[in-house]
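User: I'd like to learn how to read a few features of a structure, one at a time. Could you walk me through them?

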Amino acid sequence: MPESEWNDQQLALMVALEEYEDGQCRRCGHELAESTDPGNDYNNPFGSGFYAPLPGTPVQCHACAALERSEQQAAAGNPQHPGALMHAVHLVRRG
């Protein structure tokens, strides 16, 4: 049997990270146990709390906006499988 590339500590850290990430919402990053609790539903008048937008939000991620523009342009040229295309953006300095 080949020797593992990771030692026991590294393996334990990776397992712990996987368990932590499994408990997070893939979209917002909040803890699923809390964010899916009916007591935190905005429409639950008897709940103990609710999620609300942070002051100063939303803000636009300009890199995500560039990705979206690229995706829309590519979809027009490849309507059959636009989701199969991989896009990348980079910051271009002006001046």
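User: Is Glu21 buried, exposed or partly exposed?

Analyst: Happy to start there. Exposure is read from relative accessible area, and the middle class runs between 20% and 50%. In this predicted model, Glu21 has a relative accessibility of 43%, so Glu21 counts as partly exposed. Glu21 belongs to helix H1, which spans residues 8-22. The C-alpha atom of Glu21 is 9.0 Å from that of Glu31, ten residues apart along the chain.

User: Next, disulfides. How many disulfides does the count come to?

Analyst: The general idea comes first: a disulfide is a covalent bond that joins the sulfur atoms of two cysteines. Here the count is zero.

User: Why is Cys61 not bonded to Cys64?

Analyst: Distance settles that one. The closest cysteine sulfur to that of Cys61 belongs to Cys64, and because the two are 3.5 Å apart, they are too far for a bond; the cut-off is 2.5 Å. Cys64 is likewise in no disulfide, with the sulfur of Cys61 as its nearest cysteine sulfur. As for accessibility, Cys61 is partly exposed at 41%, and Cys64 is partly exposed at 46%.

User: And aromatic rings: which residues form an aromatic pair?

Analyst: For rings, look at the distance between centres and the angle between planes; an angle over 60 degrees is read as edge-to-face. Searching the whole structure gives one aromatic pair. That pair is Tyr42 with Phe50, edge-to-face, with 5.3 Å centre to centre and 80° between the planes.

User: Are Tyr42 and Phe50 buried or exposed?

Analyst: Tyr42 is exposed, at 60% relative accessible area, and Phe50 is exposed too, at 52%.

Notes. Residues are numbered from 1 along each chain as its sequence is written. This is a predicted model: local features need pLDDT of at least 70, side-chain atom pairs count only at pLDDT 80 or more; totals for chains, interfaces and linings use all residues. Side-chain values use heavy atoms; hydrogens and water are left out. Rings of Phe, Tyr and Trp (its six-membered ring) pair if their centres lie within 6.5 Å; planes under 30 degrees apart count as stacked, over 60 as edge-to-face and the rest as tilted. Buried means under 20% relative accessible area, exposed over 50%, partly exposed in between (1.4 Å probe, protein chains only). Helices (H or I, at least four residues) and strands (E, at least two) are DSSP runs, numbered from the N terminus.
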